[in-house]
Amino acid sequence: MTRKFLVSILFASVVLSANSTVFAEKLKKGEKLFTEEYSRVFDATVAVLTEKGFADHPHKKMKLKKEKGRIKTPEWRYFKIWSAKPVIEKQYKDSYKVKVKEIEIEVPQPAAEEKEGEAPAADAAAAPTPAATPDAAAPDATAPAAPEGAPAEGTVAAEAAPAPIPTIKKVKVSIKRKFLVHNDETNKWDKGDPDKEKAGYSVEDLLKAIQEKLDKEPNPTADPAKQVNLNITPPPIDRVARP
């Protein structure tokens, strides 16, 4: 009994250790998986943020930690003015935190097909078993004794450890946007809804731009001709509806 218990514990530990490094990745909003290698994805992400104008700020610079996969942009303030009496103005603040991480995900496996002519497991289990005869039930007194330490007759050998689960490496990019709208009544910055305000660069815009850069450039770098100066040209605000 003790031997069977130890074998069961060993088998369970092998299964758990194999599954600890393999998992199916469930993406959240603002996340995307890339099939390219880590260095290219990180460089493409930096290039996109630089071209959008988030790298250079009058007082701060974009922070990069490639070995840790972290990018943090400075906070940019911009506004939209509507011609009216009195004049209508909306002010916004934008900043982004990006995480780039190499992960392993489980490769989808095709469903096991039943072999031709093989009876299903359920039918096999339901099939009647032949009744035991007295001769079969009684032990054979003339049979030689099993050697010491060998498993007793009729016991099932311990199952072998499962084969390793095949995995594939991918790079996950997670972008969190901090979008604030100025409240003129309280003179404070409130958390805003980017989808409602339709101002600035959405997370989806940035992820799409990263994929496009990876598709077009073997060594992704920022194009100086595309780099925007946010001090002169703020993030897109032409989509903002008039209050």
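Glu-51, Lys-213 and Glu-217 are linked in a network of salt bridges. The model that shows this network is a predicted one. Within the network, the side chains of Lys-213 and Glu-51 meet at 3.0 Å, N to O. Lys-213 lies in helix H6 and Glu-51 in helix H2, residues 38–51, so the pair ties together parts that are 162 residues apart in sequence. Lys-213 is buried, with a relative accessible area of 6%. Glu-51 counts as buried too, because its relative accessibility is 11% and the limit for that class is under 20%.

A search of the whole structure finds 8 salt bridges, and two others involve strand E5. One of them joins Asp-94 to Arg-177, with the closest N and O atoms 2.8 Å apart. Asp-94 belongs to strand E5 and Arg-177 to strand E6, so this salt bridge ties together parts that are 83 residues apart in sequence. Both Asp-94 and Arg-177 are buried. The other joins Glu-75 to Lys-93, where the closest N and O atoms are 3.6 Å apart. Glu-75 sits in the loop between E3 and E4, and Lys-93 in strand E5, so the parts tied together here are 18 residues apart in sequence. Which of the classes buried, partly exposed or exposed does Glu-75 fall into? At 34% relative accessibility, Glu-75 counts as partly exposed, whereas Lys-93 counts as buried at 17%.

The strands themselves come next. E5 and E6 pair in the antiparallel sense over 15 bridges. In this pairing, Glu-102 stands opposite Val-171 in E6. Strand E1, residues 31–34, is also joined to E6, by 4 bridges, and the two run antiparallel. Here Phe-34 stands opposite Val-171 in E6. Val-171 is thus a point of reference for two pairings: Glu-102 stands opposite it, and so does Phe-34.

Two hairpins extend this arrangement of strands. In one, strand E4, residues 76–82, is joined to E5 by 7 bridges, and the two run antiparallel. E4 and E5 have 5 residues between them in this hairpin. Arg-77 stands opposite Lys-93 in E5, and Lys-93 is the residue that forms the salt bridge with Glu-75. In the other hairpin, E6 and strand E7, residues 188–191, pair in the antiparallel sense over 4 bridges. There are 4 residues between E6 and E7, and Asn-187 in the turn has a positive phi of about 60 degrees. His-182 stands opposite Trp-189 in E7.

What does the nonpolar interior consist of? The largest nonpolar core has 27 residues, and those with the most contacts inside it are Val-100, Val-173, Ile-175 and Ile-210. H2, E5, E6 and H6 are the elements that give two or more residues to this core. H2 gives the most, with 7 residues. Helices H2 and H6 are also the ones that hold Glu-51 and Lys-213. Tyr-96 is found in strand E5 and counts as buried, at 1% relative accessibility. Tyr-96 and Leu-49 are 47 residues apart in sequence, but their C-alpha atoms are 9.3 Å apart in space.

The last feature is the largest pocket, which has a volume of about 880 Å³. Its lining has 33 residues, of which Lys-97, Ser-174, Ile-175, Lys-176 and Arg-177 lie nearest the centre of the pocket. The elements that give two or more residues to the lining are strands E2 (63–65), E3 (70–72), E5 (88–106) and E6 (167–183), with helices H5 (194–197) and H6 (203–216). Which element gives the most to this lining? E6 does, with 8 residues.

The lining residues divide into 9 nonpolar, 5 polar and 19 charged. Two of the residues nearest the centre have already appeared: Arg-177 forms the salt bridge with Asp-94, and Ile-175 is among the residues with the most contacts in the largest nonpolar core. Strand E6 therefore links several parts of this account, because Arg-177 in E6 is tied to Asp-94 in E5. E6 also pairs with E5, with E1 and with E7, and gives residues both to the core and to the lining of the pocket.

Definitions and conventions. Residues numbered from 1 in each chain as written. Predicted model: local features only at pLDDT ≥ 70, side-chain atom pairs only at ≥ 80, totals over all residues. Heavy atoms only, no water. 1 Å grid on protein atoms, 1.4 Å probe; cavity = no way out; pocket = protein on both sides within 12 Å on 5 of 7 lines; lining within 4 Å. Points joined across faces, edges and corners; volume = space filled by probe spheres on them. Nonpolar A, V, L, I, M, F, W, Y, C, P; charged D, E, K, R; others polar. Pairing = 2+ DSSP bridges. Salt bridge = Lys/Arg side-chain N within 4 Å of Asp/Glu carboxyl O. Buried < 20%, exposed > 50% of the residue type's maximum accessible area, 1.4 Å probe, protein only. Core = buried A, V, L, I, M, F, W, Y, C linked by side-chain atoms within 4.5 Å.
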